[in-house]
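Student: Can you walk me through this structure? I'd like short answers, please.

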There are 2 protein chains.
Amino acid sequence: MHFPKALAFDVFGTVVDWHTSIAREVQPFVQSHLPAISPSSFALDWRKLYQPAMRQCHAQGRPFVALDILHFETLRALLQQYDLDPDTIPEATLWHMAHAWRRLDPWPDVPQGLAMLRQAFPVVTLSNANIALMVAMNRHNGLQWDAILGAELAKAYKPEPAAYLSTAAALGVQPHELCLVACHHSDLAAARACGLKTAYIDRPMEYGGAPAPDAAAIQHWDWHAPSVPDLAQQLCL
Amino acid sequence: MHFPKALAFDVFGTVVDWHTSIAREVQPFVQSHLPAISPSSFALDWRKLYQPAMRQCHAQGRPFVALDILHFETLRALLQQYDLDPDTIPEATLWHMAHAWRRLDPWPDVPQGLAMLRQAFPVVTLSNANIALMVAMNRHNGLQWDAILGAELAKAYKPEPAAYLSTAAALGVQPHELCLVACHHSDLAAARACGLKTAYIDRPMEYGGAPAPDAAAIQHWDWHAPSVPDLAQQLCL
């Protein structure tokens, strides 16, 4: 296997522990407005609305919309699922919660692993997050990338091919010279279909210990690592 | 004057000393192939072809093209001006020279000033450079930004309004909440026409000591500083 010229990271789940961070961020609201719901369940239920919301955008031909806005819309839908009328909540409160996805903390191995990889490769984000979300998240958690690429540059969400191919094009590399790093088999499968190399990072706690919804979609990926520093050792030595 | 929420930097001239760096990078080629030309003159003559090349793209309705490619094309045109047939030069040599614009060093005040500003604001590039060029340049000179925005995201070169407005939109701010930092009055004037705030950095040595071609286009900008740390002191105190 030839080594890649650049690496592109999925972010939600692969880089940041959205489940723990969202549960922490929504806890005050959930305790006061939805005392029967645990913050962990709230986080998991909210995340379940993410893929359908993006698929619906694509199916309806809706012009590309920032993920921040989808987080706002799925939050309103989630509150309605819980029989809480979102119109009774101040809009500023809803936006502060929607922006909880800007305040996510990395898995503990990420800062060191990212620094190791960036010594050898350009390392960018290839996320469905919009640019303003990623800028805010990086300023929150201190991570530094070579560039923020992915959905907003492509005006297309993963797993649409444009999201992967436009990231390679912006880096001036061929698809097979770019490696997607992700903890989701579905994401890696879509990247592989576009010709990208693939590196799987195992994140068994992404869903708070529950199995990942795409666990059955496993393939033999080009690299497979329990952490980002381990991947760096496989790629940089 | 209200302070901005984010800063966007012009790069060539404002951040990096292209004249000194390009003269250094082309010196071996110029000495062996064009001994009557000084490396400094070569750099200045090359830069003169930059604005016309972008204007020609726009006038001809040519689809957006990476600045790396325009650097390659203007290099060929420059060699022809000097009566040197570019077809006699190996293409790899021409590309190595075209990529000299990826190997530019910052003015000495920039690293400290940028670090100061990033403590208070998201700070991005708003350059006509393509993303791969900026990624390579940052890896060459060690500068770190919150994001690489500008021409390639907009698919439009400055001074077209889309370059400024799409940068503000990607940051999730209104045009008047974004401040362009630049050493060129023409760039600042176009940003102001889009509603951006403006900060002028004086770079008297940009053209090796020769006067800037747009020196007469001076206006009273919102901020005016002799260096990036001085601007930071004006904005962050």
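Tutor: Sure. One term to begin with: contact means heavy atoms within 4.5 Å. Also keep in mind that this is a predicted model.

Student: Okay, let's use that term. Which residues does Ser227(B) touch, leaving out those up to four places away in sequence?
Tutor: Asp109(B) and Ile201(B).

Student: And where is Ser227(B) found in chain B?
Tutor: In a loop. Strand E6 (223-225) is on one side of that loop, and helix H11 (228-236) is on the other.

Student: Is Ser227(B) buried or exposed?
Tutor: Buried. Its relative accessibility is 15%, and buried means under 20%.

Student: Now the two chains. How can chain B be laid on chain A?
Tutor: Turn it by 180 degrees and shift it by 0.0 Å along the axis. The RMSD is then 0.0 Å. The two copies are therefore related as by a two-fold rotation axis.

Student: What about the surface they use for contact?
Tutor: The same surface serves both copies. Of the contact residues of chain B, 95% recur in chain A.

Student: How many residues does each chain put into the contact?
Tutor: Chain B gives 20 residues and chain A gives 19.

Student: And what area is buried between chain B and chain A?
Tutor: About 1,600 Å². Carbon and sulfur atoms give 52% of that area.

Student: How many salt bridges are there across that interface?
Tutor: The rule finds two. One of them joins the side chains of Asp146(B) and Arg139(A), at 3.2 Å from N to O.

Student: How many residue pairs are in polar contact between the chains?
Tutor: The count is 12 pairs, with both residues at pLDDT 80 or more.

Student: Which elements of chain B give two or more residues to the side that touches chain A?
Tutor: Four helices and a strand are on the list: helix H6 (110-120), helix H7 (131-141), strand E3 (147-150), H8 and H9. H7(B) gives the most to that side, with four residues.

Student: New topic. How is chain A divided?
Tutor: Into two domains. Domain 1 covers 6-17 + 106-236, and domain 2 covers 18-102.

Student: How far apart are the C-alpha centres of these domains of chain A?
Tutor: They lie 23 Å apart. The contact takes 23 residues from domain 1 of chain A and 20 residues from domain 2 of chain A.

Student: What area do the two domains of chain A bury between them?
Tutor: About 1,800 Å². Carbon and sulfur atoms give 60% of it.

Student: Which residues of domain 1 of chain A lose the most area to domain 2 of chain A?
Tutor: Phe12(A), Asp17(A) and Tyr157(A). Together they make up 36% of what that side buries.

Student: What is the count of salt bridges between those domains of chain A?
Tutor: Zero. But 10 residue pairs between the domains of chain A are in polar contact, both residues at pLDDT 80 or more.

Student: Which elements give two or more residues to the domain 1 side in chain A?
Tutor: Helix H7 (131-141) and H8 of chain A. The largest share of that side comes from H7(A), with five residues.

Student: Let's switch to the backbone. What kind of peptide bond joins Lys158(A) and Pro159(A)?
Tutor: A cis bond, with omega at about 5 degrees. Most peptide bonds are trans.

Student: Where is Pro159(A) placed?
Tutor: In the loop between helix H8 (151-154) and helix H9 (161-170) of chain A.

Student: And what joins Lys158(B) and Pro159(B)?
Tutor: A cis peptide bond, with omega at about 10 degrees. Pro159(B) is in the loop between helix H8 (151-154) and helix H9 (161-171) of chain B.

Student: What is phi of Lys155(A) near?
Tutor: It is near 55 degrees. That is a positive value in a residue other than glycine. Most residues other than glycine have a negative phi.

Student: Where is Lys155(A), and how does its accessibility count?
Tutor: Lys155(A) is in the loop between H8 and H9 of chain A. At 47% relative accessibility, Lys155(A) counts as partly exposed.

Student: What about phi of Lys155(B)?
Tutor: Positive, about 55 degrees, although Lys155(B) is not a glycine. Lys155(B) lies in the loop between H8 and H9 of chain B. Its relative accessible area is 49%, so Lys155(B) is partly exposed.

Conventions
Residues are numbered from 1 along each chain as its sequence is written. Chains are lettered from A and ligands numbered from 1 in the order in which they are written. This is a predicted model: local features need pLDDT of at least 70, side-chain atom pairs count only at pLDDT 80 or more; totals for chains, interfaces and linings use all residues. Side-chain values use heavy atoms; hydrogens and water are left out. Buried means under 20% relative accessible area, exposed over 50%, partly exposed in between (1.4 Å probe, protein chains only). Copies are superposed by least squares on the C-alpha atoms of residues with pLDDT of at least 70 in both. Domain bounds come from an automatic or database domain assignment. Buried area is the accessible area (1.4 Å probe) that two parts lose on being put together, summed over both. A salt bridge is a side-chain nitrogen of Lys or Arg within 4 Å of a carboxyl oxygen of Asp or Glu. A polar contact is a pair of N or O atoms within 3.5 Å; within protein, one must be able to donate a hydrogen and the other to accept it, and residues adjacent in sequence count only if both atoms are side-chain atoms.
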